[in-house]
Structures are given as structure tokens and as C-alpha cells.
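Me: Could you take me through this structure slowly, and show me how each label follows from its definition?

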Amino acid sequence: MRGGLRMILSFLMLICVGGGIAGGFYLIRYLEKMQFEGEAGRQMFVELEEINISIIRNNFPAEIRTYKLTIETREGGPLKVVLESRPRLKDLYINIMSSLATRAGPENLDNSDYLREMMVRQSNELLTPGAVRDIFIRTLTVRPVES
């Protein structure tokens with residue numbers, strides 16, 4: 001009986017130590033993110049230039065879509081990074097949209113939720129985690145290509 005109690009206490013101690021280590025890693029990541037976002041962290045919006053994407057169907061241009069995007073970020077460090085990186089972000093978004101324009105199924109350019117999630121995730125990989133909080137598709141204009 002005594003050996004079983006010792007084993008249970010050892011197991012509980014191991015769980016506590018492991019939880020403390022894991023909690024420490026999450027705390028460090030959280031503090032790094034908060035340091036980057038700054039103390040004020042007010043919501044800020046950055047508008048990008050229009051992005052034009054050609055939609056090809058059956059090897060012929062079918063339409064041209066014009067997107068007007070607004071990036072949600074925070075004031076301080078994130079805003080500065082986003083403002084300095086606007087040309088890189090626009091190029092990234094053109095590449096994402098162009099690759100999705102040729103896909104069929106739910107993971108294509110017509111799925112705006114998927115598109116926004118992809119752009120936010122890859123923006124934060126390109127810049128710094130937490131720099132881009134969300135992306136809003138303010139306007140979308142679809143113009144058919146006349147043959």
C-alpha cells in the first residue's frame with residue numbers, strides 16, 4: 001500500500017512540474033506578444049491600394065476582380081511594421097489571390113473567410129506574429145472580360 005501511495009504522489013508531482021514548464025512557455029510567448037503590441041494597443045486600420053486579379057476559365061480570361069482591402073492592426077509597433085511593409089503585403093496578397101483564383105472547391109477565391117484567414121496567417125508569418133489582426137474586403141468589383 002505504501003509503494004502505491006508513493007507512486008501516486010510521484011505521478012502528481014510530475015504532472016505539476018510539467019504543467020509549470022508548459023505554463024512558463026505560454027507566459028513567455030504572451031509577454032513577447034504584449035511587448036510587441038505596446039501598452040495602448042488601440043485598433044488601427046491601414047488601407048491598401050487596389051488589387052486586380054484576372055480570373056482564367058478554360059484557358060481564357062473570364063473576368064477581372066478588383067479588391068480594396070483594409071488591414072486591422074494595433075497602434076505602436078504593429079502599425080509601424082504594417083505601414084513600412086505595405087508593398088510586400090500587397091505582393092503577398094496578389095500571390096495568394098492568384099493561386100486561389102485557379103482552384104475549384106471550397107478553398108478558392110470565392111470563399112472570403114478562407115481567403116481572409118490565409119492572408120492574415122501569411123501576413124503574420126511574413127512580418128511579426130500579431131502584426132495583422134484581420135483583413136477586411138471593403139469592396140469587390142467584378143468586371144467580365146469582353147472577347
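What follows is a set of questions and answers about the labels.

Reply: Before we start, please note that this is a predicted model, in which local features need pLDDT of at least 70 and side-chain atom pairs count only at pLDDT 80 or more, while totals for chains, interfaces and linings use all residues. Residues are numbered from 1 along each chain as its sequence is written, and side-chain values use heavy atoms, with hydrogens and water left out.

Me: What makes the span of helix H4 close to the expected one?

Reply: Helices (H or I, at least four residues) and strands (E, at least two) are DSSP runs, numbered from the N terminus, and H4 covers residues 112–126, which is 15 residues. The expected span of a helix is 1.5 Å times one less than its number of residues. For H4 the expected value is 21 Å, and the helix reaches 21 Å from its first C-alpha to its last, so the two are close.

Me: Which residues of H4 are buried, and what do they pack against?

Reply: Buried means under 20% relative accessible area, exposed means over 50%, and partly exposed is in between (1.4 Å probe, protein chains only). In H4 the buried residues are Tyr114, Leu115, Met118, Met119, Val120, Ser123 and Asn124. The buried residues of this helix pack against strand S3 (60–74), helix H3 (86–101) and strand S4 (134–144), where contact means heavy atoms within 4.5 Å.

Me: Why is Asp113 called exposed, and why is Arg116 called partly exposed?

Reply: Asp113 has 55% relative accessibility, which is over 50%, so Asp113 counts as exposed. Arg116 has a relative accessible area of 23%, which lies between the two cut-offs, so Arg116 is partly exposed.

Me: How do you know that Asp113 and Arg116 form a salt bridge?

Reply: A salt bridge is a side-chain nitrogen of Lys or Arg within 4 Å of a carboxyl oxygen of Asp or Glu. The N to O distance between the side chains of Asp113 and Arg116 is 3.9 Å, which is within 4 Å, so the pair is a salt bridge. Because Asp113 and Arg116 are three residues apart in helix H4, they are separated by about one helical turn. H4 also holds Glu125 and Arg121, four residues apart, whose closest N and O atoms are 3.5 Å apart in a salt bridge.

Me: How many salt bridges are there by this rule, and which residues are linked in a network?

Reply: The count comes to nine. Glu63, Arg65 and Asp110 are linked in a network of salt bridges. Within this network, the side chains of Glu63 and Arg65 meet at 2.7 Å, N to O, and both Glu63 and Arg65 are buried.

Me: Why is Asp134 called buried, and what makes its link to Arg116 a polar contact?

Reply: Asp134, which is found in strand S4, has a relative accessible area of 18%, and this is under 20%, so Asp134 is buried. A polar contact is a pair of N or O atoms within 3.5 Å (within protein, one must be able to donate a hydrogen and the other to accept it, and residues adjacent in sequence count only if both atoms are side-chain atoms). The side chains of Asp134 and Arg116 are 2.9 Å apart, which is within 3.5 Å, so the distance fits the polar contact.

Me: Why is the aromatic pair of Phe45 and Phe136 called tilted?

Reply: Rings of Phe, Tyr and Trp (its six-membered ring) pair if their centres lie within 6.5 Å, and planes under 30 degrees apart count as stacked, over 60 as edge-to-face and the rest as tilted. The structure holds one aromatic pair. For Phe45 and Phe136 the centres are 6.1 Å apart and the planes are at 50 degrees, so the rings pair and count as tilted. Phe45 lies in strand S1 (residues 43–47) and Phe136 in strand S4, so the pair ties together parts that are 91 residues apart in sequence.

Me: Which residues have the most contacts inside the largest nonpolar core?

Reply: A nonpolar core is a set of buried Ala, Val, Leu, Ile, Met, Phe, Trp, Tyr and Cys residues joined through side-chain atoms within 4.5 Å. The largest has 28 residues, and those with the most contacts inside it are Leu69, Ile71, Tyr93, Met97 and Leu109. H3 gives the most to this core, with seven residues.
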